[in-house]
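Good morning, colleagues. Please take a moment with the sequence and the structure before I begin.

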Amino acid sequence: MKFRVNRDVLAEAVAWAARVLPSRPAVPVLSGLLLEAGDDLVLSAFDYDVSARATVEADVAEPGRVLIPGRILAEITRSLPGEPVEVVTGGAEAVLTCGSAEFGLLTMPVEDFPMLPEMPPRIGAVGGGVFATAVGQVAPAASRDEALPMLTAVRIDAAGENMTMAATDRYRIAAREFDWRPEQPDAAAAAMVPARVLVEVARSLRGGEVAVALGEGIAGFESVGRSTTVRLLDEQFIDYRSRLTDDWSIRADLPVAPFVEAIKRVALVAGSNTAISLSFTRGQVVVQAGGGDFGRGTEAVDAELSGDDIRIAFQSQFLLDGLSGVHTELVRINMESPTRPALIAEVPGDAEPAFRYLVMSLRHT
């Protein structure tokens, strides 16, 4: 095999594919990146659950396949000088040359590398910006506890031209609705996709649109020469919609940016287990925290309150995660009592809020 490729193009593709390499591979070959040179250069990684393929343009003199240890290849390509890269294989070695730099990398047995899953049938597409924004809004609410796999997923529900992403870790629920373009107008689909995979897919988007594919136990996402497949989790999930549509007797509208900054400042004196208290009265909300080892903090923010005065408390990071998903100038906080969850929602005008975030309240002193 012999090919020449732009250094920046190669480094970016290697870094993107290498992100799915397992830290503790079940078998040694899974630590490798598969390079296949034909009409183009295709780089692939696979850990039995997630696969990644990146296709880039290359000047291929001799087609072929080679398996190279992925992490060292990523380190090398990232540090190369800004000149074209040539890769030539011979025997058990792949020689990488860039300017005056040359590396001879021992190859791995390519015949032992497992066959990557095929991309399942395409079910529709969505704009890359919308996809990345939605993932960024809901993924923080997914659990990191692998003992409960259902809670580590983002639930994707598609019905007609509407798609919803949702996630929960039992202490909060985040959901985002958006329009997409289904292949079949009346099609419906549901999938439980590991949140970490969706986050990586969203980070890698470079524009255009994301094609969404769904098959027997596998989902696929493809955008601008990059494709990822992932094994789906069990479809069991909570009925999140019913929990986001309660009637609320108390509502407060306030500017997002000043509210976030006030929480961040006041939280500086809050210990890890100390609640952030919000006292809503006519015309303002008072943000309070502290009283422990570091002291206390208080700050007032303008707010328009509908309903009775209320004092309610939250874990500060949970509150900030919800506010970070609000992309309108104003945020609406819907409340019922100090002991019940609150619903954070965008204030887009007459339309229904696209993003909603239900968060548990805490007992405050």
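How are helix 3 and helix 4 oriented to each other? Before I answer, please note that this is a predicted model.

The axes of helix 3, residues 128-138, and helix 4 come within 9 Å, and they cross at roughly 140°. An angle over 145 degrees would count as roughly antiparallel, and one of 65 to 115 as roughly perpendicular. Helix 3 and helix 4 are therefore oblique to each other. The crossing of helix 3 past helix 4 is left-handed. On the helix 3 side, the contact is made by Phe131, Ala132 and Val135. Helix 4 contributes Leu198, Val199, Val201 and Ala202.

I turn now to the sheet. It is an open sheet of 9 strands, and their order is 6-2-3-4-18-17-16-10-14, with antiparallel pairing. At the edges are strand 6, residues 64-69, and strand 14, residues 181-182, each of which pairs on one side only. The neighbour of strand 14 in the sheet is strand 10, residues 122-127, and the two pair in the antiparallel sense over 2 bridges. One of the residues involved is Ala125 of strand 10, whose bridge partner in strand 14 is Arg181.

Two helices that pack on this sheet deserve mention. Helix 1, residues 7-18, touches strand 2, strand 3, strand 4 and strand 18, and its direction makes about 170° with that of strand 4. Helix 4, residues 195-204, which we have already met, packs on the sheet as well. Helix 4 touches strand 4, strand 17 and strand 18, and its direction makes about 175° with that of strand 18.

Let me now follow the chain through strands 2, 3 and 4. Strand 2 and strand 3 form a hairpin with 3 residues between them. These two strands run antiparallel and are joined by 4 bridges; one of the pairs is Ala37 with Leu41 of strand 3. Leu41 also has a bridge partner in strand 4, namely Val56. Strand 3 and strand 4 are antiparallel too, with 6 bridges between them.

Is strand 3 enclosed or exposed? Of its 6 residues, 5 are buried, so strand 3 is largely enclosed by the rest of the structure.

The hairpin of strand 3 and strand 4 likewise has 3 residues between its strands. In its turn we find Tyr48, which is not a glycine and yet has a positive phi of about 80°. Tyr48 is partly exposed, with a relative accessible area of 37%.

A second residue with positive phi is Val224, in the loop between strand 17 and strand 18. Its phi is near 45°, again in a residue other than glycine. Val224 counts as partly exposed, at 44% relative accessibility.

Finally, I would draw attention to Thr77 in helix 2, residues 70-79. What surrounds Thr77? Beyond residues up to four places away in sequence, Thr77 touches Arg7, Leu10, Ala11, Val14 and Leu96. Its relative accessible area is 1%, and anything under 20% counts as buried, so Thr77 is buried. The side chain of Thr77 reaches the backbone oxygen of Leu73 at 2.9 Å.

That concludes my presentation. Thank you for your attention.

Methods:
Residues are numbered from 1 along each chain as its sequence is written. This is a predicted model: local features need pLDDT of at least 70, side-chain atom pairs count only at pLDDT 80 or more; totals for chains, interfaces and linings use all residues. Side-chain values use heavy atoms; hydrogens and water are left out. Two strands pair if DSSP finds at least two bridges between them. Contact means heavy atoms within 4.5 Å. Axes are lines fitted to C-alpha atoms, for helices over the stretch in contact, and angles run from 0 to 180 degrees between N-to-C directions. Buried means under 20% relative accessible area, exposed over 50%, partly exposed in between (1.4 Å probe, protein chains only). A polar contact is a pair of N or O atoms within 3.5 Å; within protein, one must be able to donate a hydrogen and the other to accept it, and residues adjacent in sequence count only if both atoms are side-chain atoms. Angles under 35 degrees count as roughly parallel, over 145 as roughly antiparallel, 65 to 115 as roughly perpendicular and the rest as oblique. A crossing is left-handed if the near helix is turned anticlockwise from the far one by less than a right angle, and right-handed if clockwise.
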